[in-house]
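Trainee: I am new to this structure and would like to know what stands behind the words used to describe it. Could we go through them one by one?

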Amino acid sequence: MKKNLLLILFACVAFVACKKDEKLTYNSPDNIYLNYKSTDPDTITYSFAYVQGVDRDTVWIPVIISGQRVNHDRRFVLNVVDTATTAVPSLHYEPLKDAYTMPADSGMIHVPVIIKNTDKELENKSVTLTVRVSGGQDFGTNLPDTIRKKTIMFSNRLERPQWWNFWEGELKTYSRTKHQLFLITSGTRDMVDLSTPDFYLYIPRCLYYIENTRTFLKYPFDWIRQHPDAGYVLTKRNDSSGDYDFYSVNAPDKKFLLKYFSSVDQYKFIDENNKEITM
């Protein structure tokens with residue numbers, strides 16, 4: 001008898017729990033938000049300087065629902081937050097659509113935000129584009145603003161990376177021009193942080209990358225001949241200086257000066273501070 005009573009009690013509790021869960025699941029309005037980890041930074045940072053010759057790129061924004069999937073399409077809105085945006089529509093990014101579609105039977109979609117590299121000033125400054133997702137007619141907008149909003153900060157310039165501090169003995173004084181030439185010729189974008197565990201395992205490879213750029217700076221004409229598929233050329237200037245311009249055929253407006261010093265019969269790259277680049 002006692003066993004039967006316990007079974008009846010458990011059945012009642014399970015029934016009430018299911019009814020409560022059903023109420024919460026099906027009667028609560030579906031919401032929508034951006035699917036980033038809580039540990040992710042508030043701002044996505046992007047530089048066109050890492051991808052020479054590209055005049056636009058796409059940042060994919062992950063949008064996810066909080067609720068149930070349904071068997072029909074639903075619409076939501078991704079707006080620009082004007083008060084947190086310095087980027088200019090059409091100049092710095094493609095205007096967003098009036099609404100986007102969450103496909104039937106789907107709980108997540110990636111929305112393309114197209115940023116542009118057509119403003120010459122992006123070589124000197126960064127701009128921000130902040131977007132916020134909202135429900136429109138098909139979703140609620142009751143979730144915190146912090147998980148519905150994301151800022152994209154982008155430019156066409158490089159900033160001194162943290163790892164440069166550890167390798168300054170080899171790389172010497174930082175300049176954006178040297179950094180750019182390193183990215184083009186070394187074979188890597190990043191160097192190991194010497195404060196990380198097992199850093200010593202990566203030292204030989206990092207020295208190899210540095211030597212690649214050092215060799216390029218010393219023998220740029222040889223590098224051009226040895227890397228025809230890289231898409232870079234050296235073009236002599238139309239004057240009597242003997243100087244050359246180094247640039248990508250896909251980005252001919254972005255030139256690096258290779259200056260000729262007749263007194264020593266040598267060529268040296270010159271940085272944005274009008275100083276010789278050495279390593």
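Trainee: Which residues in α3 and in α4 meet each other, and what makes this a contact?

Mentor: Keep in mind from the start that this is a predicted model. Leu181, Phe182 and Thr185 in α3 meet Tyr209, Ile210, Asn212, Thr213, Phe216 and Leu217 in α4, and they are said to be in contact because heavy atoms lie within 4.5 Å. Sorted by type, the residues of this contact of α3 with α4 comprise 6 nonpolar and 3 polar ones, with no charged residue.

Trainee: How do you know how α3 and α4 are oriented, whether parallel or perpendicular?

Mentor: Helix α4 covers residues 203-218, and its axis and that of α3 are 9 Å apart, at an angle of about 110°. That makes α3 roughly perpendicular to α4, because angles from 65 to 115 degrees count as roughly perpendicular.

Trainee: Is α3 mostly covered or mostly exposed, and what makes you say so?

Mentor: Helix α3, residues 176-185, is mostly covered, since 9 of its 10 residues are buried, where buried means under 20% relative accessible area. Among the buried residues of α3 are Lys178, His179 and Gln180, as well as Leu181, Phe182 and Thr185, and these last three also take part in the contact with α4. Just after α3, glycine 187 has a positive phi of about 105°.

Trainee: Why are β2 and β5 called edge strands?

Mentor: The sheet to which they belong is open and has 5 strands in the order β2-β8-β7-β4-β5, with mixed pairing. In that order β2 (43-47) and β5 (100-102) stand at the edges, each with a single partner strand, so one side of each has no neighbour in the sheet. From one strand to the next, the twist averages 30°.

Trainee: What makes the pairing in this sheet mixed, and how do the strands beside β8 run?

Mentor: Strand β8 (residues 149-155) runs antiparallel to β7 (residues 127-134), to which 6 bridges join it, whereas β2 and β8 run parallel and are joined by 5 bridges. Both count as pairs, because at least two bridges are needed for two strands to pair. Between β7 and β8, threonine 130 has threonine 151 as its bridge partner, and arginine 132 stands opposite lysine 149. On the side of β2, isoleucine 44 is partnered by isoleucine 152 in β8. Strand β8 is itself mostly covered, with 5 of its 7 residues buried.

Trainee: How do you know that β3 and β6 pair, and in which sense do they do so?

Mentor: Strand β3 (residues 56-66) and β6 share 9 bridges in the antiparallel sense, and they count as paired because at least two bridges are required. One example is aspartate 57, which stands opposite isoleucine 115 in β6. These strands belong to an open, antiparallel sheet of 3 strands in the order β1-β3-β6, in which β1 (31-34) and β6 (108-116) are the edge strands, each pairing on one side only.

Trainee: Where is valine 70 found, and what does it contact beyond its neighbours in sequence?

Mentor: Valine 70 is found in the loop between β3 and β4 (74-80). With its neighbours within four places in sequence left aside, valine 70 is in contact with Ala104 and Asp105. Valine 70 and methionine 102 are 32 residues apart in sequence, while their C-alpha atoms are 9.9 Å apart in space.

Note on methods
Residues numbered from 1 in each chain as written. Predicted model: local features only at pLDDT ≥ 70, side-chain atom pairs only at ≥ 80, totals over all residues. Heavy atoms only, no water. Buried < 20%, exposed > 50% of the residue type's maximum accessible area, 1.4 Å probe, protein only. Helix = DSSP H or I, 4+ residues; strand = E, 2+ residues; numbered from the N terminus. Axes fitted to C-alpha atoms, helices over the stretch in contact; angles between N-to-C directions. Parallel < 35°, antiparallel > 145°, perpendicular 65-115°, else oblique. Nonpolar A, V, L, I, M, F, W, Y, C, P; charged D, E, K, R; others polar.
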